[in-house]
Amino acid sequence: MSGRPLAIRFVSSATRAHQLPDSDAEVAFVGRSNVGKSSLINALANQKQLARVSNTPGRTQLINVFSHDGGGTMVDLPGYGYAKVPGRIRKDWSEMIEGYLLEREPLVMVFVLVDGEIGPTPLDVQMLDWLRENEVPHTVVATKIDKVRSSHRQNRRRELAAGCRLEPGDIVWVSAAKGVNIDQLRGLVVGHLTR
Ligand code: GDP
């Protein structure tokens with residue numbers, strides 16, 4: 001099962017959790033802008049434009065929902081920390097994301113994307129602390145690991161995990177560009193959606 005592309009289709013966009021469709025189980029992806037979230041969702045589904053299609057202008061600041069053929073839904077949350085966004089809009093974003101994470105009943109797992117090359121930014125750490133405080137189940141996914149030279153990988157894994165206050169083995173290390181561990185992450189997603 002995990003080797004097959006994730007069979008997902010874009011369903012709708014919303015700004016608030018209560019506007020979302022019913023679901024038996026839902027997983028969400030969150031991360032700062034440019035962390036590689038669209039590329040990862042596209043890689044999981046083996047579709048080139050899935051996340052981008054839904055991220056056409058005007059939809060980028062929305063909660064985008066995908067349905068999974070095997071049951072459940074998947075959500076692409078708006079990227080946080082985009083530097084050029086004025087403070088007021090940033091506040092709206094965080095309210096939307098926090099509201100979703102606290103209120104969405106079918107939510108079973110949040111995949112928090114951290115750039116594997118750069119490591120956790122202060123905003124990523126803030127997000128992880130907030131998820132812990134609020135006891136929201138989450139898994140850290142380190143993206144773009146192809147950008148880390150293989151001789152540096154072990155150190156990078158240790159540093160990144162320490163920055164997230166986790167062990168390297170707690171983190172899923174992926175590369176959407178090179179297809180590394182995409183099967184593994186797909187298996188985790190399907191497991192959460194169909195349990
Ligand atoms: P998003 O803003 O989080 O949706 O990020 P995107 O998926 O649009 O990716 C941001 C940039 O990172 C783009 O230039 C991608 O080509 C690049 N990128 C995404 N995933 C990978 C990866 O696995 N490896 C490498 N080398 N680049 C990646």
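In this predicted model, helix α4 comprises 12 residues and spans 16 Å from its first C-alpha to its last, close to the 16 Å expected at 1.5 Å a residue. Its buried residues are Asp124, Met127, Leu128, Trp130 and Leu131, and because these cover an arc of only 160° around the axis, they lie on the same side of α4. On the other side of the helix, Pro122, Gln126 and Glu133 are exposed. Just after α4, Glu135 adopts a positive phi of about 55°.

The buried side of the helix leads to the question of what surrounds it. In soluble globular proteins, nonpolar side chains tend to be buried together. Here the largest nonpolar core has 32 residues, and the members that touch the most others are Val30, Leu77, Tyr100, Leu101, Val112 and Met127. Two or more residues are given to this core by each of the strands β2 (26-31), β3 (63-68), β5 (107-115) and β6 (138-143), and likewise by the helices α3 (87-103), α4 (122-133) and α5 (150-163). The largest share, 5 residues, comes from α3.

Leu101 offers a way to trace this packing residue by residue: leaving aside neighbours within four places in sequence, Leu101 is in contact with Leu77, Leu107, Val110, Met127, Trp130, Leu131 and Val136. Among these partners, Met127, Trp130 and Leu131 also belong to the buried residues of α4. Apart from this core there is a second, separate one of 27 residues, which includes Ile41, Phe111, Val172 and Ile182.

How values were computed
Residues are numbered from 1 along each chain as its sequence is written. This is a predicted model: local features need pLDDT of at least 70, side-chain atom pairs count only at pLDDT 80 or more; totals for chains, interfaces and linings use all residues. Side-chain values use heavy atoms; hydrogens and water are left out. A nonpolar core is a set of buried Ala, Val, Leu, Ile, Met, Phe, Trp, Tyr and Cys residues joined through side-chain atoms within 4.5 Å. Buried means under 20% relative accessible area, exposed over 50%, partly exposed in between (1.4 Å probe, protein chains only). Helices (H or I, at least four residues) and strands (E, at least two) are DSSP runs, numbered from the N terminus. Contact means heavy atoms within 4.5 Å. The expected span of a helix is 1.5 Å times one less than its number of residues. The arc is that of the directions from the helix axis to the C-beta atoms.
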